Amino acid sequence: CFVVFFFFQAEDGIRDVERSRGLGDVYKRQVSTQSTWDSMSNFLATFQSLYRRTESWFTIKYSHQTLWMVVFGPILYFGSQLHEGNNNVSSDIVNTQNVLRGLIAAAYVFVGFSLLKPYVGPFYKPHEGVWRAIAALAVLYLMLLVFLLFQNPSFARFLFTYIDSSLNKLIPRSMHTYDDDCDITLENVWSNFDHYYLCHLLGWFILGFMIRNRFLLHTWGLMDEFVELSWQHILPHFRECWWDHVFIDVLFSNAVGIETALYIIKVLGMNYYDWLGTTGAKSWKDWKVFNCHRHLGFIISFYIFIVGRFLGMFFLMNALLLPPRNPISIIRVAFWAFFSYLPFREIYEDIRTWYTQERKTKRVEGNYRWLGMSIIIIECAASYKFRLGTGNMVEDAETPLYIIIPWVIAIGLCGGFYLFLRFKKDRTKKFKEPLEGSPSSKKEITAESQSKLKANQPFKNNNNLSLIHI
């Protein structure tokens, strides 16, 4: 290396046959060398500035999205493959290989989630440690789902026999469904007030405290019934009589649980969540959900979340041959009941602070939203992978047009209206600049304004960690 260096230096000196014109020529050459060095310094400074801007842009704007896509892209691709092996390899070897793949993938997911920026929240009552434990259980549940996704269907169902030896039994097509006898008799109606009715009633009571919005809760209940009608030709477990949908589900369980929860919220003086942005609006045309792409986008994602959770809950239970009354199914439902508080509250805080000055000083995180959506995606992927051989699901069912067309129209209208709000010229932005002459623009906040700010502040900032009031 040194030989090459001196060789080129010597060759350059030999080729320089121009005679020197004295000491002044030496100074001229020094000036030329200095200007070249300045040009290189300017180039490096420009490159460094560009790198910092690019790094900051990717770090701030796409950190969560990029990390999560990098983690779950390979997981969904490799995990959804059926690792059955071939005839020359024994099933024990294939299962061992799949177990190793599953363990590696689960560890990969754990590391991927740890890359996200940690923060405290969004609740601190009854104690922030309780909610951190629930979030940790969600990560463990996601790791378990990823591990199961890398297994063969038969082996994945067999694993649950270590917990309950009565599992791993096919569900017969002749199993009881709620449309066996749709005659309106006292015996038929009373027989439908079973454990599912109690789960509906208790579940909507809990959801009332979680969502705290009458319109969103009742439309959620109607959405669940519409999903059951749309998928009952594939999963017979969704089949019900018309009076069961209308009266027992919508009126006697959903509505009773929702209204009871909202009444208790009103009596206790708890906050009512304005998801649609109706506060201060003179008519429905002034609602923020019809004028702000962020509001509309989160409401759409809200319904995508609940539809995916609803389908994943029943289809995965059917794919793994888990009866509804089994303790595993009950624990899974209870987990979703508690964990859903975290992503839903993150979504609401993002909606509430959008296009406000408060957004400048308070960062709204999305860790639990990404975690919840990842669990739903893996549940749906596992349900699809394990769909064959359950004995109950109609595998070759064709979806009628009267089911496809309404869904296509709804998705098209929502997506088109969102794109219109997103790309119009006067669209809302993340921050709302203060008016000229206001105390905020002059950074002059009186004692009265500080007290009002503290009274309406749902976060407590401590070392850049966010804590949200209930």
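## Asn 318 and Ile 306 in helix 10

Asn 318 has a relative accessibility of 6% in this predicted model, so Asn 318 counts as buried. Helix 10 is where Asn 318 lies. What does Asn 318 touch, once neighbours within four places in sequence are left aside? Its contacts are Ile 171, Leu 235, Thr 390, Asn 392 and Met 393.

Helix 10, which covers residues 293–319, also holds Ile 306. Here the relative accessible area is 0%, and Ile 306 is buried. Setting aside residues up to four places away in sequence, Ile 306 touches Trp 220 and Phe 344. Ile 306 can also be placed relative to Asp 224: the two C-alpha atoms are separated by 8.4 Å, while the residues are 82 apart along the chain.

## Salt bridges around Arg 369

Side chains of opposite charge can pair when their charged atoms come close. How many salt bridges does the structure hold? There are seven, and a good place to start looking is Arg 369, whose side chain meets that of Glu 346 with an N to O distance of 3.6 Å. This pair links distant parts of the chain, with Arg 369 in helix 14 (residues 367–385) and Glu 346 in helix 12 (residues 341–353), 23 residues apart. Are the two partners buried or exposed? Both Arg 369 and Glu 346 are buried.

Arg 369 also forms a salt bridge with Asp 350, at 3.1 Å from N to O. Because Arg 369 lies in helix 14 and Asp 350 in helix 12, this pair ties together parts that are 19 residues apart in sequence. Asp 350 is buried, as is Arg 369. If you follow the connections, you will find a network of salt bridges that links Arg 294, Glu 346, Asp 350 and Arg 369.

## A salt bridge inside helix 12

Helix 12 has a salt bridge of its own to look at: Arg 352 pairs with Glu 349, and their closest N and O atoms are 3.0 Å apart. Both residues lie in helix 12, three residues apart, which is about one turn of the helix.

How exposed are these two partners? Arg 352 has a relative accessible area of 26%, so Arg 352 is partly exposed. Glu 349, on the other hand, counts as buried because its relative accessibility is 1%.

## The disulfide

A disulfide is a covalent bond between the sulfur atoms of two cysteines. The structure holds one disulfide, and this bond joins Cys 182 to Cys 241 with an S to S distance of 2.1 Å. The link of Cys 182 and Cys 241 is left-handed, with -90° about the S-S bond. Why does this link connect separate parts of the chain? Cys 182 lies in the loop between helix 5 and helix 6, and Cys 241 in the loop between helix 8 and helix 9 (242–268), so the pair ties together parts that are 59 residues apart in sequence.

Now to the accessibility of the two cysteines. Cys 182 counts as partly exposed because its relative accessibility is 31%, whereas Cys 241, at 1%, counts as buried. Cys 380 is another cysteine worth a look: its relative accessible area is 31%, so Cys 380 is partly exposed.

## Loops and positive phi

Most residues other than glycine have a negative phi. Which way does the phi of Asn 168 go, positive or negative? Phi of Asn 168 is near 65°, a positive value in a residue other than glycine. Asn 168 is found in the loop between helix 5 and helix 6, and its relative accessible area of 31% makes Asn 168 partly exposed.

Arg 212 has a positive phi too, near 55°. This residue is found in the loop between helix 7 (195–211) and helix 8 (214–231). With a relative accessibility of 4%, Arg 212 counts as buried.

## A nonpolar patch on the surface

Which residues make the nonpolar surface patch of about 590 Å²? They are Ile 184, Trp 242, Val 246, Phe 247, Leu 251 and Phe 252.

Ile 184 is found in the loop between helix 5 (153–159) and helix 6 (186–191). Its relative accessible area is 59%, so Ile 184 is exposed.

Notes. Residues numbered from 1 in each chain as written. Predicted model: local features only at pLDDT ≥ 70, side-chain atom pairs only at ≥ 80, totals over all residues. Heavy atoms only, no water. Patch = residues over 30% accessible without salt bridge, like charges linked within 9 Å, V, L, I, M, F, W, Y side chains within 5 Å. Areas by Shrake-Rupley, 256 points an atom, 1.4 Å probe, with all protein chains shown as cover. Salt bridge = Lys/Arg side-chain N within 4 Å of Asp/Glu carboxyl O. Helix = DSSP H or I, 4+ residues; strand = E, 2+ residues; numbered from the N terminus. Buried < 20%, exposed > 50% of the residue type's maximum accessible area, 1.4 Å probe, protein only. Contact = heavy atoms within 4.5 Å. Disulfide = S-S within 2.5 Å.
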